[in-house]
Amino acid sequence: MRTIKARIYAIEFLAEDILGFDLRPIDGEEWPMAIAGSHIDLHLPGGMVRSYSLVNAQGEQHRYVVSVSRDANSRGGSRYLHEILRVGDVLTISEPRNSFALKESAVHSVFIAGGIGITPLWSMVQRLSQIGAPWTIYYSAQSPERAAYVAQLSSLAAEAGGTLHLNFDGGQKDRMLNLQQIVDSIPADADLYCCGPIPMLHAFEAACEGRHPDTVHREYFAAPAPVQMEEGREEEIIIFLSKSDKTVKVGPTTTILDAVLNAGVEVSYSCMSGICRACETNVLDGLPDHRDLVLSDDERACGKTMMICCSRAKTKELTLEL
């Protein structure tokens, strides 16, 4: 995965514990255009790599903008961005990639956002407004003070004819969005998108059962639980690497990604938990055991690619295009 250098051009206060970071080229060049729903990786000190959704309006190439919420359980990424990073600092970032693409041809697009999950959906709403397509968004946060882009969404809805529903629940379960009721009210030919906390995504998936899978889209910004390989639960598997002409043994407590890296083979990776698609690898032979959160049902059934950071194998051997 190609990386580029970026300078922090501006840092903006967006809401309580949410900052926006405006990243620009250090030499004035134009960057690859990112389409709505894209994200980039930030390479931080200590080998940390963190993925963040871009909130740019599609078409911008002079900057990338990300919004970062300070996570109380931060593993170091959001804490570094909020407490250490300053205007003028230079970072290494990845080029944009997209595992949460917007379907511009949809009859109607309905977005459900929870907290910082607004970030990829804000870029999508901007894009639909650019092309004159209809949209509706349900945006839930604990309070107005903790919600980013509310003023911009309100203005865009008024200008472009979109529909904005705001919900501030104070963290109380009985005031949270009723996702089943919302989904049931949406016509079957509409496309639905959701990004937010894990309980919201689980509720969204349950509410969408029975809808055509091609119209249901969601993105996790955190894995439900760390991927752990338990002794006695897994069996050793053998991985053949076609390009490197290497054979790698993957033990019961090791991921395929770790085994490949330990064998000296370079491969792209980021989240290490199956939510960013950075380590997606072609499968040439064998049957993957998919444990990611990004592949569609059709992609899983096809078995042509897999996320090697978390998935394993249903067969004793796998051949990967590495």
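This report walks through the domains, one sheet and two helices of a predicted model.

**The overall layout**

Let's start with the broad view. The domain assignment divides the protein chain into domain 1 (3-94), domain 2 (109-219) and domain 3 (237-320). Between the C-alpha centres of domain 1 and domain 3 there is a distance of 28 Å.

**A five-stranded sheet**

Next, look for an open sheet of five strands, whose order is β13-β12-β18-β14-β16 and whose pairing is mixed. At its edges are β13 (246-250) and β16, each of which pairs on one side only. From one strand to the next, the twist averages 40 degrees.

The table shows how some of these strands pair, with an example of facing residues for each.

| Strands | Direction | Bridges | Facing residues |
|---|---|---|---|
| β14 (residues 280-285) and β16 (residues 305-307) | antiparallel | three bridges | Glu-280 and Met-307 |
| β14 and β18 (residues 317-320) | antiparallel | two bridges | Val-283 and Leu-320 |
| β12 (residues 237-241) and β18 | parallel | four bridges | Ile-239 and Leu-318 |

You can trace these pairs in the structure. Strand β18 runs parallel to β12, but antiparallel to β14. As background, side chains in a regular strand alternate between the two faces of the sheet.

**Helix α2, largely enclosed**

Now turn to helix α2 (residues 118-131). How does the span expected for its 14 residues agree with the distance between its end C-alpha atoms? At 1.5 Å a residue the helix should span 20 Å, and its end C-alpha atoms are indeed 20 Å apart, so the two agree.

Twelve of the 14 residues of α2 are buried, so the helix is largely enclosed by the rest of the structure. Among the buried residues are Trp-122, Met-124, Gln-126 and Arg-127. Just after α2 comes Gly-132, which has a positive phi of about 75 degrees.

**Helix α5 and its buried side**

Helix α5 (residues 198-207) is a good place to think about sides. Its residues Met-200, Leu-201, Phe-204 and Ala-207 are buried. Why do these buried residues lie on the same side of α5? They cover an arc of only 125 degrees around the axis, which puts them on that one side. A general rule helps here: an α-helix has 3.6 residues a turn, so residues three or four places apart point the same way.

What do the buried residues of α5 pack against? Their partners are the strands β7 (109-114), β8 (135-141), β10 (191-195) and β11 (216-219), together with the helix α4 (179-184).

Definitions and conventions
Residues are numbered from 1 along each chain as its sequence is written. This is a predicted model: local features need pLDDT of at least 70, side-chain atom pairs count only at pLDDT 80 or more; totals for chains, interfaces and linings use all residues. Side-chain values use heavy atoms; hydrogens and water are left out. Two strands pair if DSSP finds at least two bridges between them. Domain bounds come from an automatic or database domain assignment. Buried means under 20% relative accessible area, exposed over 50%, partly exposed in between (1.4 Å probe, protein chains only). The arc is that of the directions from the helix axis to the C-beta atoms. Contact means heavy atoms within 4.5 Å. The expected span of a helix is 1.5 Å times one less than its number of residues. Axes are lines fitted to C-alpha atoms, for helices over the stretch in contact, and angles run from 0 to 180 degrees between N-to-C directions.
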